[in-house]
Amino acid sequence: MLEIRNLHATVGGKPILKGLDLKVDPGEVHAIMGPNGAGKSTLGNVIAGREGYEVTAGEVIYNGKDLLELEPEERACEGIFLAFQYPVEIPGVNNTYFLRAALNAQRKYRGEPELDSMQFLKLVRAKLEILHISDDLMHRAVNEGFSGGEKKRNEIFQMAVLEPRLAILDETDSGLDIDALRIVAEGVNRQRSEKRSIIVVTHYQRLLDYIVPDRVHVLADGKIAASGGAELALKLEEQGYTWLEQGGIQALDMEIRA
Amino acid sequence: MNTSSPMTLVDRWSESLRAAGPLPGPGWLQRLRERAVSEFSESGLPNRKTESWKYTPVRAFEKLEPPAFGSDRGVQAVVRPQALLDADCTMVDIANGVLAAPLPEAPNGVSILALAEGMQRYEIQLKRLIEKVDLEGSSNAFAALNTACLEQGLVVHVSENVHAGALLMRWASSAGGASQFQSFRVFLLLEAGAQLDFLEQYQSEETAEKGLNVIIQAELGHGAALGHIRVQSEPESMTLLTSTSIGQTADSRYSYRGFDLGGGMVRHEFEAELNGPRAFADFSGAFVLDNKRHVDNHVSVDHASPDCRSEQFFRGVLGGRSRGVFNGRALIRTGADGSSVRQSNANLLLSELAEMDTKPELEIYADEVEASHGATVGRLDEDAVFYLRTRGLGDDQARRMLTSAFCRAVTERIEDRALAAKVAEMVDSAMPGGLPGNSAGPKAES
């Protein structure tokens with residue numbers, strides 16, 4: 001599904017990713033954890049194609065294609081979805097109108113017929129319920145005046161409608177209370193399938209209590225420093241990132257290899 | 001030695017006006033016309049030193065020919081735009097600056113008359129309004145010119161407490177013929193409690209190269225309400241100048257919703273006098289510019305009475321080498337306590353070469369006044385563009401969606417939902433084609 005090899009990326013000339021390797025197979029959920037400034041958000045932005053994130057070395061292969069050659073909208077149409085850490089407020093653009101335009105742009109790209117507003121409403125109604133999103137929210141401008149929880153639920157709702165093959169959830173848990181966290185996690189879990197891969201980027205372990213990953217990676221100083229199963233997240237939670245930075249990686253690696 | 005120099009434009013125009021001789025109408029009007037010619041010939045056209053014309057060059061007007069008189073200007077030959085409202089609405093056509101006959105049948109309590117007839121019925125009111133127009137100085141040169149040629153006009157009268165419904169005025173000029181600068185005057189007389197929706201649609205034939213100099217004068221009686229909607233989609237070869245003055249008494253309401261989607265050189269002047277308590281004037285406008293087009297909105301509201309409210313809300317989208325001007329003035333006179341003034345002007349520059357000049361002027365001499373104003377000139381939010389693209393929308397589509405949303409703040413102010421949707425669509429299709437950030441050009445199908 002996704003294979004990242006020796007990825008180096010700079011932001012404003014400053015090296016952030018320094019030789020990152022990652023392989024995600026179809027149907028897998030991977031968690032990427034790490035301290036602030038390790039490059040977690042940069043990874044999501046590079047995969048989504050944000051301007052200002054310059055790849056200086058390495059490659060990203062997605063379904064056999066060189067992902068870095070594609071425009072952000074082409075990546076989206078190829079099935080990549082980034083749930084933003086800070087979803088952007090777009091005054092004046094109606095949420096329903098926007099999402100239907102996005103879905104239709106993707107359908108058109110894939111050679112599928114576009115949906116009219118009736119067909120679209122039918123499609124989204126069930127998904128709205130799962131994420132506890134009110135009709136009112138759908139008629140408001142995209143993310144404008146939404147609470148933190150509403151914004152994150154709206155991201156996962158968009159994911160449910162767009163049905164990506166690879167979703168990257170960038171700190172989707174930040175700013176959520178425990179109830180909102182449960183709702184969001186439930187929304188994500190319902191979308192786990194053999195064909196869909198998910199990368200959960202998070203600072204804290206707590207989201208992983210609800211979305212249990214197949215693999216956990218520790219990102220430190222622009223590289224994957226350690227990888228393991230779900231238990232690695234617990235170990236990190238217990239020891240903290242400081243311990244990791246002070247040389248704990250070696251020990252951790254040993255344990256995981258063992 | 002040959003002392004004769006080529007005649008200046010002002011001389012030529014003045015001469016042509018004098019040559020036209022007396023036009024129909026009462027004696028006082030004839031004398032006023034003569035005075036207007038003298039004022040025009042003395043002051044000349046405004047130039048860059050004329051403060052209110054600082055950012056709007058008069059070059060476009062100089063290319064035009066002096067106004068012609070009589071109704072032999074090819075009224076029948078003009079292709080009229082498709083009406084904004086249902087075809088069975090009350091509609092008046094102006095073709096090449098001439099009122100097209102026959103005038104529509106007016107509903108009960110409403111009169112729709114040509115100027116000559118209107119003058120017979122409402123001479124006292126019209127005289128007061130016509131004499132009120134300031135003719136002096138270069139900043140009023142076009143008002144003087146309009147008065148000097150005062151022949152073509154429309155008078156609408158709505159009786160007390162009559163709800164007149166909608167009146168649509170369609171302005172169209174033909175592609176052929178001389179590039180004349182035609183004057184026209186509209187009088188809207190609303191008695192106490194009267195209501196009128198006055199819609200204007202400007203759309204000429206594709207290559208029409210004419211000019212229009214329109215003055216609209218409205219008088220609102222106690223509690224009267226005038227809704228004014230203007231949708232202007234002229235070709236780039238057209239020059240348009242309008243001046244709208246509203247005299248308001250207590251509890252009257254005026255609202256303007258203006259959309260400039262075309263025209264080469266366009267300037268709108270507005271003046272509202274709030275002469276009675278609790279009067280409300282609300283000016284909302286949007287314009288979309290590309291190429292070398294120019295739109296200037298000059299709004300001036302005079303709060304002369306307590307507890308009045310006024311609002312100015314304008315949004316502009318500028319592409320190409322276009323230029324926009326907004327000048328919003330509000331004067332709150334001594335004693336006009338409890339006034340409220342809101343002013344907002346936001347502009348989106350889509351090109352490095354576009355320019356916007358915006359100037360708020362608030363003069364407050366009263367107590368307990370609520371006043372707010374804000375002006376911004378900026379670019380599209382690139383974070384928002386990226387967000388939309390990550391959902392699958394193309395760069396161009398994303399930019400269009402955001403730009404269109406920016407103008408929707410004004411179309412949403414049209415109360416009639418169906419009309420608002422129609423105008424929003426017109427605004428969208430007027431958006432400049434080559435939006436920035438799309439330098440890679442169209443991508444090959446994959």
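**Exercise 1. Find the residue of strand E9 that stands opposite B:Phe198, and describe how the two strands concerned are joined.**

Solution. In this predicted model, B:Phe198 stands opposite B:His228 in E9 of chain B. The next step is to look at the strands themselves: strand E7 covers residues 195–202 and strand E9 covers residues 225–232 of chain B, and the two run parallel, joined by 8 bridges. As background, strands of a sheet pair through backbone hydrogen bonds, in either a parallel or an antiparallel manner.

**Exercise 2. Place these strands in the sheet of chain B, and explain why E2 and E19 stand at its edges.**

Solution. Begin with the order of the open sheet, whose 10 strands in chain B read E2-E1-E5-E7-E9-E11-E13-E15-E17-E19, with mixed pairing. Strand E2 (98–99) and strand E19 (370–378) each have a single partner strand, so one side of each is left without a neighbour in the sheet.

**Exercise 3. Determine which strands helices H7 and H8 of chain B touch or lie across, and at what angles they run.**

Solution. Take helix H7 first: its residues 395–411 lie across strands E11 (253–260), E13 (280–289), E15 (309–318) and E17 (340–349) of chain B, and the helix runs at about 155 degrees to E15. Helix H8, residues 417–429, also packs on the sheet, where it touches E7, E9, E11 and E13 of chain B, its direction making about 30 degrees with that of E9.

**Exercise 4. Characterise helix H2 of chain B by its span, its buried residues and its packing partners.**

Solution. Helix H2 comprises 17 residues, 27–43, and reaches 24 Å from its first C-alpha to its last, close to the 24 Å expected at 1.5 Å a residue. Its buried residues, taken as those under 20% relative accessible area, include B:Trp28, B:Leu32, B:Val37 and B:Phe40, and also B:Arg33 and B:Glu39. The buried residues of H2 pack against helices H1 (9–19), H4 (115–132) and H5 (141–148) of chain B. After the helix comes B:Gly44, whose phi is positive, near 70 degrees.

**Exercise 5. Assess whether the radius of gyration of chain A agrees with that of a compact globule, and describe the chain as a whole.**

Solution. A compact globule of 258 residues would have a radius of gyration near 18 Å, and chain A has 18 Å, which agrees. Its C-alpha trace spans about 55 × 40 × 35 Å along the principal axes, and the chain contains 9 helices and 12 strands. Of its 258 residues, 55% count as buried, while the accessible surface comes to about 11400 Å², of which 48% belongs to carbon and sulfur atoms.

Terms used
Residues are numbered from 1 along each chain as its sequence is written. Chains are lettered from A and ligands numbered from 1 in the order in which they are written. This is a predicted model: local features need pLDDT of at least 70, side-chain atom pairs count only at pLDDT 80 or more; totals for chains, interfaces and linings use all residues. Side-chain values use heavy atoms; hydrogens and water are left out. Two strands pair if DSSP finds at least two bridges between them. Helices (H or I, at least four residues) and strands (E, at least two) are DSSP runs, numbered from the N terminus. Contact means heavy atoms within 4.5 Å. Axes are lines fitted to C-alpha atoms, for helices over the stretch in contact, and angles run from 0 to 180 degrees between N-to-C directions. The radius of gyration is taken over C-alpha atoms; the globule rule is 2.2 Å times the number of residues to the power 0.38. Buried means under 20% relative accessible area, exposed over 50%, partly exposed in between (1.4 Å probe, protein chains only). Accessible areas come from the Shrake-Rupley method with a 1.4 Å probe; for residues, only the protein chains shown count as cover. The expected span of a helix is 1.5 Å times one less than its number of residues.
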